[in-house]
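Here are my notes on the model you sent, set out as numbered points. Please read them with the structure open beside you.

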Amino acid sequence: MEITDAEFQRLVKFIYDNFGINLSAKRVLVQGRLGNMIRERGFKNYNEYIDAVMNDKSGAEITIILNKLTTNHTFFMREPEHYTFMKEVILPYMKSVCTDHVLRIWSAACSSGEEVYTIAMLMDEFFGADKANWDTRILASDISQNVIGKAKTGIYQEEGMKGLSNEWKARYFNKLSDGNFEICQAIKDEVIFKTFNLMDPMPDKYKSRPFDLIFCRNVMIYFDAPTKQALVNRFYDVLKPGGYFYIGHAESINRQETSFDYIKPAIYRRPEKQK
């Protein structure tokens, strides 16, 4: 189904205004991913479908269109140097400064759960027998209810687990009869899932109880520069002084327009003292 110029601009504006995703140069992608679905569902044109999305109070149509227009591909231990740095630098630092034994970590675009469960397994291994003395639960959020649902089940195909050691597979997963693997309950219990739109204001509780570490990887590639900078600033506001911020290696932050300190590729830090 062909999309007219007016329909395309209307869809681009709706997605940008509500979710910060810039589709202005993605006309072929939009038509390729939505055209067949719109026709099969009986809509006469894109405008009729956009009306249905905008008028659906349940959120189901929003979930469908976002899943169609964004990519939720991920796997365990993606960008492994991030986890190495976390194990060797961030966690020892947190252990030395968090006198209340509470760590606040946020996976801000958790997709189907591989990232947040990797974080949980890493912390379990790092703290070892002392873990019972720490609150290491992780907040995991995503805009898509579908991927949140998948993440909660914690069931994965072996293909996406290639980055994990055999030791971790044996310790943290149960092999199912169909050949898939399910994350163990102890690791599932470390994660608090919620649906959250990163374009919304940060909740007051995030500001009053800021985070030690925030992952927001491979999300801002969909945003234009002003949207990305505004989001980076909001993350800065909910990080503790000395807290760390991870982005994807395909992403960057304008160092002239941020208060974050650059640490190494895709790793930033809020200064311990105000500049």
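1. Gln229 sits in helix α11 of what is a predicted model, and this residue makes a convenient place to begin. Because the relative accessibility of Gln229 is 12%, under the 20% cut-off, this residue counts as buried. Once residues up to four places away in sequence are set aside, Gln229 touches Asn254, Glu257 and Thr258.

2. The helix that carries Gln229 deserves a point of its own. Helix α11 covers residues 225-237, and its 13 residues should span 18 Å at 1.5 Å a residue, which agrees with the 19 Å that separates its end C-alpha atoms. Alongside Gln229, the buried residues of α11 are Thr227, Leu231, Val232, Arg234, Phe235 and Tyr236. As for what lies against them, the buried residues of α11 pack against the helix α1 (5-19) and against three strands, namely β1 (105-107), β7 (211-215) and β8 (239-246).

3. The strands that α11 packs against can be followed through their pairing. β7 is mostly covered, with five of its five residues buried, and this strand runs parallel to β1, to which three bridges join it; within that pairing, Trp106 stands opposite Ile214 in β7. β7 also runs parallel to β8, here with four bridges, and the bridge partner of Phe215 is Tyr246 in β8.

4. From β1 the pairing continues to β2, again in the parallel sense and over three bridges, with Ile138 in β2 as the bridge partner of Ile105. β2 is likewise mostly covered, since five of its five residues are buried. Which residues of β2 point one way, and which the other? Ile138, Ala140 and Asp142 point one way, whereas Leu139 and Ser141 point the other way, and all of them are buried.

5. β2 also takes part in the lining of the second largest pocket, which holds about 290 Å³ of space. The elements that give two or more residues to this lining are β2 (138-142), β6 (191-195) and α10 (204-208). The lining comprises 14 residues, and those nearest the centre of the pocket are Arg104, Arg137, Leu139, Ile192 and Arg209. Sorted by class, the lining has eight nonpolar and six charged residues, and no polar ones.

6. A separate sheet should be kept apart from the parallel pairings described above. Three strands form an open sheet in the order β3-β5-β4, and the pairing is antiparallel. β3 (155-156) and β4 (173-175) stand at the edges with a single partner strand each, so one side of each is left without a neighbour in the sheet. Between β4 and β5 (residues 181-183) there are three bridges in the antiparallel sense, and Lys175 stands opposite Phe181 in β5.

7. Helix α6 (residues 114-127) is another element to inspect for burial. Its 14 residues reach 20 Å from the first C-alpha to the last, close to the 20 Å expected at 1.5 Å a residue. Eleven of the 14 residues are buried, so α6 is largely enclosed by the rest of the structure; among them are Tyr117, Ala120, Met121 and Phe127. Just after α6, Gly128 takes a positive phi of about 55 degrees.

8. Ile187, which has its place in helix α9 (residues 185-188), is linked to α6 through its contacts. At 2% relative accessibility, Ile187 counts as buried. Leaving aside neighbours within four places in sequence, Ile187 is in contact with Tyr117, Ala120, Met121, Asp124 and Tyr172. Its C-alpha atom is 20 Å from that of Met94, a residue 93 places away in sequence.

9. Is Gln31, in contrast to the buried residues discussed so far, to be called buried, partly exposed or exposed? Gln31 is found in helix α2 (residues 27-40), and because its relative accessibility is 22%, it counts as partly exposed. Beyond its neighbours within four places in sequence, Gln31 is in contact with Met1, Glu2, Ile3 and Tyr46. The C-alpha atoms of Gln31 and Leu69, which are 38 residues apart along the chain, are separated by 9.9 Å.

How values were computed: Residues are numbered from 1 along each chain as its sequence is written. This is a predicted model: local features need pLDDT of at least 70, side-chain atom pairs count only at pLDDT 80 or more; totals for chains, interfaces and linings use all residues. Side-chain values use heavy atoms; hydrogens and water are left out. On a 1 Å grid over the protein atoms alone, a cavity is a set of points where a 1.4 Å probe fits but cannot get out, and a pocket is an open set with protein on both sides within 12 Å along at least five of seven lines; lining residues have an atom within 4 Å of a point. Grid points are joined across faces, edges and corners, and a volume is the space filled by probe spheres set on the points. Ala, Val, Leu, Ile, Met, Phe, Trp, Tyr, Cys and Pro count as nonpolar, Asp, Glu, Lys and Arg as charged, and the others, Gly among them, as polar. The expected span of a helix is 1.5 Å times one less than its number of residues. Buried means under 20% relative accessible area, exposed over 50%, partly exposed in between (1.4 Å probe, protein chains only). Contact means heavy atoms within 4.5 Å. Two strands pair if DSSP finds at least two bridges between them.
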